[in-house]
Amino acid sequence: MKIIKSKSDKYIKTEIDEYLANIEMSISTIKTLPNKERVLAKFQMSRDLNRSISETNIEIQREEQIKAQNVERERQQKNVD
């Protein structure tokens, strides 16, 4: 958030109020998500709700792919033994 000194106090207060309202609305949305802790951690760094959700979903997909690959690798090793 950028505050320009030449703006009026009322304008700055409005900007701050809108910013805080946006944060509050985003946090309310995050609380409804299944992976809320992970999304919140990303949101705290970026302050971008959509980006936080997308990055979390991508991470979860990657983790699931790695787990599936490990299971397949173990299954193949058992077949070789």
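Is Arg 75 buried, partly exposed or exposed? In this predicted model, Arg 75 counts as partly exposed, at 43% relative accessibility. Its salt-bridge partner is a good place to begin a tour of the charged side chains.

The side chains of Arg 75 and Glu 72 meet in a salt bridge, with N and O 2.4 Å apart. Both residues belong to helix H3, and because they lie 3 residues apart there, about one helical turn separates them. Glu 72 is itself partly exposed, with a relative accessible area of 31%. By the rule applied here, the model holds 6 salt bridges, and the pair of Glu 72 and Arg 75 is one of them.

Other salt bridges reach between helices. Arg 38 pairs with Glu 59 through their side chains, at an N to O distance of 3.4 Å. This pair ties together distant parts of the chain: Arg 38 sits in helix H2 and Glu 59 in helix H3, which spans residues 49-80, and the two are 21 residues apart. Arg 38 is partly exposed, its relative accessible area being 29%, and Glu 59 also falls in the partly exposed class, at 28%.

Glu 59 has a further partner in Lys 42, where the closest N and O atoms are 2.8 Å apart. Here too the salt bridge links distant parts of the chain, as Lys 42 is in helix H2 and Glu 59 in helix H3, with their positions 17 residues apart. What about the burial of Lys 42: is this residue buried or exposed? Lys 42 is buried, because its relative accessible area is 15% and the buried class covers values under 20%. For Glu 59, the value of 28% lies outside that class, so the residue is described as partly exposed.

Glu 72, as noted, is partly exposed at 31%. Turning from that pair to the wider pattern, shared partners join the salt bridges of Arg 38, Lys 42, Glu 59 and Glu 63 into one network. In general, side chains of opposite charge can pair when their charged atoms come close.

The nonpolar side chains give the other half of the picture. Ile 23, Ile 30, Val 39, Phe 43 and Leu 49 make up the largest nonpolar core, a set of 5 residues. At least two residues of this core come from helix H1 (9-30), and at least two from helix H2 (36-46). Leu 49 touches Ser 26, Thr 29, Ile 30 and Phe 43, leaving aside residues up to four places away in sequence. In soluble globular proteins, nonpolar side chains tend to be buried together.

Technical notes:
Residues numbered from 1 in each chain as written. Predicted model: local features only at pLDDT ≥ 70, side-chain atom pairs only at ≥ 80, totals over all residues. Heavy atoms only, no water. Core = buried A, V, L, I, M, F, W, Y, C linked by side-chain atoms within 4.5 Å. Buried < 20%, exposed > 50% of the residue type's maximum accessible area, 1.4 Å probe, protein only. Helix = DSSP H or I, 4+ residues; strand = E, 2+ residues; numbered from the N terminus. Contact = heavy atoms within 4.5 Å. Salt bridge = Lys/Arg side-chain N within 4 Å of Asp/Glu carboxyl O.
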